[in-house]
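Subject: Structure handover

Hi,

Here is the structure for your files. My notes follow below it.

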Amino acid sequence: MLHDKHKQWIEARGIPADLAEKLGLETTRDGAGFWLSVPYVERGQVVNHKYRQTSEKKHRMDQGAPLCLWNHDVLLLPEVQEGKQPVVITEGEWDALAAMTAWNRYVLSVPNGTAAPKEDAITNPESAGYQYLWRSRDLLDMVGAFIIAADGDEAGRRLAADLVRWIGPERCRIVSYPGGCKDLNEVLIAHGPAGVRQAINDARPYPVKGLYTIDDFPAPPEIEPFNHGVPRLCEMLPVTPGTLTVGTGYAGQGKTSLLVKILANLLKDGVTIALGSFETQVNPILIRKLRAAMANTAEFGCPPDLAAKADQVMRDHLRILAQQAEDDDADMTLEDMLDLARTAILRDGAKVVVIDPWNELDHKRKSDESETDYTSRAIRMMKRFARRYDVALWIIAHPAKPQMVGAKLPIPGLYSISGSAHWANKPDYGFVVHRPKKNLPKDHPERNCIDVLVTKVRMGLPGEEARVTLNYDWRTSTYHEWVDEFADA
Ligand SMILES: Nc1ncnc2c1ncn2[C@@H]1O[C@H](COP(=O)(O)OP(=O)(O)OP(=O)(O)O)[C@@H](O)[C@H]1O
């Protein structure tokens, strides 16, 4: 039963109180006062509730209960499963109720807005990702078309972009709101049911391919790169969603070690990563290195409490793309890798995908395809993947055998990667890792220095084509910018 005060509050939003009651909304009471309770029903079972006090905007949900779509069971209706009935997705239950009031019952709401990574991965292991979509993926797959009605603000645009990425642009239309309104409930209040119907009916298809006018493109959310925190390099080479980054360098020059530090910093910030590391043994080497890099200790000697904390972050936020001995004999192809990465993205909210190295994948060329053509096709596939799923895709590729200049190992570039010049032309970012002083005596201060050259940053993206020398301190698994005081002497 709804308390009269709650009924009035709901009706002031233009929503009939009996519709709310039919959907199970009720007034509950505890020591803190009266709560308007919204049940989350999945396959006929109440699995969670959202409670709010109408005097305040904040809400709470049942502790430990799963998140699912609100009005989930609309996905069980035959006309929806047969793909005949488009479904509206809103950013809150009140907008969903507004759509139900004015349009029809084929409406879902996400439970909690954008699933942005939280700051502290340790206390918020569930932070990233859209698990509530993954839970219902089979049902969502059956829906013919979605009309996305996220809020008309920056967070709403981000949610809409995430939903489009999740669902696939070909099935999505996007609602925009008449001036001054930022969601369907505001439209219902300001323009009545006819206004809501018009906003839904006027939803524009998400552009998929071809030629468009400028009005066909909803304003994209701002590019928000992840800051990996390695000094200076984080400004030159941020980890940018929706882009392909290619790194190279000769064997043993420190590519994987640098990557480990970058990934460890991202993991600590709660960014979920899908990592295909084919040359480094996962257990113990990779895990030990990541642990030390997260705890800022030496690789051997991470105290147990810090190790346990780091392990928990890895459990929550690291997905390892690998073949175990018992997996079938066939090596992993790029398509296999991207398929697994897709699952890590959609199910676990991965934002970064890493392949280290490219050369270890099983490269299946078509019968009439040259290595250059294959490389071009593969890079295109990876770029499309990064854009489609809005992930930062990083790939490490070995250069061809070096042409020694006397006893000196020349610095390679993206053009040196075996395969083709496409490695230099096509990626969004390119970088090279080189350790020229590796052979100096053990106690020489420059022995652990690496040069990192960011050789390519595509126009319009954050970052800078520049060079930095980083000194590696193995006692703390950290890199510091190295400034050579005698350089001009
Ligand atoms: N800056 C550094 N200072 C000292 N040792 C380093 C440094 N970077 C890496 N190493 C060490 O050098 C070895 C090779 O490093 P790493 O695996 O990172 O290189 P890589 O370029 O990825 O090599 P490969 O291409 O063969 O995988 C490791 O034992 C690592 O601990």
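Which residues touch the most other members of the largest nonpolar core? They are Leu263, Leu267, Ile273, Val352 and Val452, in a core of 72 residues. Helix α10 (residues 255-268) supplies the largest share of this core, with eight residues. Another core lies apart from it. That one has 53 residues, including Ala102, Leu159, Tyr177 and Val187. As background, nonpolar side chains in soluble globular proteins tend to be buried together.

Val452 is worth a click. Leaving out residues up to four places away in sequence, Val452 touches Leu233, Leu258, Phe431, Val433, Val468 and Leu470.

Now the overall picture. Please note that this is a predicted model. The protein has 489 residues, and 42% of them are buried. It holds 15 helices and 18 strands. Along the principal axes, the C-alpha atoms fill a box of roughly 85 × 55 × 50 Å. Take the contacts between residues at least 6 apart in sequence: 65% of them join residues at least 24 apart.

One sheet to look at is open and has five strands. Their order is β6-β5-β7-β8-β9, and the pairing is mixed. The edges are β6 (107-109) and β9 (204-205), each pairing on one side only. Inside the sheet, β7 (residues 146-149) and β8 (residues 172-174) run parallel, joined by three bridges. Isoleucine 148 has isoleucine 174 in β8 as its bridge partner. Helix α4 (residues 93-102) lies across β5 (87-90), β6 and β7. Its angle to β6 is about 170 degrees.

Best wishes

Notes. Residues numbered from 1 in each chain as written. Predicted model: local features only at pLDDT ≥ 70, side-chain atom pairs only at ≥ 80, totals over all residues. Helix = DSSP H or I, 4+ residues; strand = E, 2+ residues; numbered from the N terminus. Buried ≥ 20, exposed ≤ 12 C-beta atoms within 10 Å, placed from the backbone. Contact = placed C-beta atoms within 7 Å. Core = buried A, V, L, I, M, F, W, Y, C linked by C-beta atoms within 7 Å. Pairing = 2+ DSSP bridges. Axes fitted to C-alpha atoms, helices over the stretch in contact; angles between N-to-C directions.
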